[in-house]
Amino acid sequence: MPSPNRVPGASAAGHFHIRASLSQKIPVFRGWQPPALRAPAPREDFRGSASSRGYDHRWTRLSLKYRRQHPFCEECERHGRDALADLVDHVIPLRKPFVGPRLEVGNLQSLCARCHSGIKAALEREAEATGQIAMLAVWVRFPEKRPVRLRAPKIG
Ligand SMILES: [Zn+2]
């Protein structure tokens, strides 16, 4: 017959450990901290939640449909390369100071991850720094109209 104080399934050694701790009046709860001392629960990115930034179910549906119709990276295609797209990009981004249309096919392009973080990010930086966000619509589709230093195909 097991002792009524014994945790079911605990080994004899574990049982002894618990009793030894209690006898010293120093409860041992490894890893436990009072709630106030715990690290705060990870919050959504400071930009706000994905849905508050416009990436809701309507966007998910549209972007999946767009990518089915445009499975290859459109920037790579402009430079004669074949690469499968990884995501659908808003040509005019969905952020201030100029917020592009969210669900208009004309504001979308399929991109591979390298073009998205490479040339597209560079074009956005240039457009924002020079106050020409609307020019992204031209720069993205016509590489020859980009600022000279951003004309060469840039990968990664
Ligand atoms: Zn690409």
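Strand S4 presents Leu108 and Ser110 on one side and Gln109 and Leu111 on the other, and all are buried. Here a residue is buried if 20 or more other C-beta atoms lie within 10 Å of its own, exposed if 12 or fewer, and partly exposed in between, with C-beta atoms placed from the backbone. In a regular strand the side chains alternate between the two faces of the sheet.

**Basis of the model**

The model is predicted; local features need pLDDT of at least 70, side-chain atom pairs count only at pLDDT 80 or more, and totals for chains, interfaces and linings use all residues. Residue numbers start from 1 along each chain as its sequence is written. The pLDDT is the predictor's confidence in each residue, from 0 to 100. The protein averages a pLDDT of 80, and 67% of the residues score at least 70. Among its elements, strand S4 (residues 108–111) has the highest mean pLDDT, 98, and helix H1 (residues 12–23) the lowest, 49.

**Overall organisation**

The protein has five helices and four strands. These are DSSP runs numbered from the N terminus, helices being H or I of at least four residues and strands E of at least two. Along the sequence, the elements follow the pattern α-α-α-β-β-β-β-α-α. Buried residues account for 15% of the 156 residues. Two residues are in contact if their C-beta atoms, placed from the backbone, lie within 7 Å. Among contacts between residues at least 6 apart in sequence, 54% join residues at least 24 apart.

**Strand S4 and its surroundings**

Strand S1 (residues 87–90) runs antiparallel to S4 and is joined to S4 by four bridges. Two strands pair if DSSP finds at least two bridges between them. The bridge partner of His90 in S4 is Leu108. The C-alpha atom of His90 is also 8.0 Å from that of Pro101, eleven residues away along the chain. Pro101 lies in the loop between strand S3 (98–99) and S4.

Helix H2 (residues 57–69) has 13 residues and reaches 19 Å from its first C-alpha to its last, close to the 18 Å expected at 1.5 Å a residue. The expected span is 1.5 Å times one less than the number of residues in the helix. The number of buried residues in H2 is zero, so this helix lies largely in the open. Tyr66 is in H2. Leaving aside residues up to four places away in sequence, Tyr66 touches Val88, Val105, Leu108 and Ser110. Tyr66 and Gln109 are 43 residues apart in sequence, yet their C-alpha atoms are 8.3 Å apart.

Three partly exposed residues are listed below with their neighbour counts.

| Residue | C-beta neighbours within 10 Å |
|---|---|
| Tyr66 | 16 C-beta atoms |
| Pro101 | 14 C-beta atoms |
| Leu150 | 14 C-beta atoms |

**The nonpolar core and helix H4**

A nonpolar core is a set of buried Ala, Val, Leu, Ile, Met, Phe, Trp, Tyr and Cys residues joined through C-beta atoms within 7 Å. The largest such core has 16 residues, of which Cys73, Cys112, Cys115, Leu123 and Leu136 touch the most other members. Two or more residues of this core come from each of S4, helix H4 (113–129) and helix H5 (136–141). H4 gives the most to this core, with four residues.

The end C-alpha atoms of H4 are 23 Å apart, which agrees with the 24 Å that its 17 residues should span at 1.5 Å a residue. H4 nevertheless has a kink of about 35°, centred on Lys120. The bend at a residue is the angle between axes fitted to the seven residues ending there and the seven starting there. The buried residues of H4 are Cys115, Ile119, Lys120, Leu123, Glu124 and Ala127. An α-helix has 3.6 residues a turn, so residues three or four places apart point the same way. The buried residues of H4 pack against helix H3 (74–78), S1, S4 and H5. After H4 comes Gly131, whose phi is positive, near 65°.

Leu123 touches Leu136, Trp139, Val140, Arg146 and Leu150, not counting residues up to four places away in sequence. Leu150 itself lies in the segment after H5. With the same exclusion of residues up to four places away, Leu150 touches Ile119, Ala122, Leu123 and Glu126. The C-alpha atoms of Leu150 and Lys120 are 9.8 Å apart, although these residues are 30 apart in sequence.
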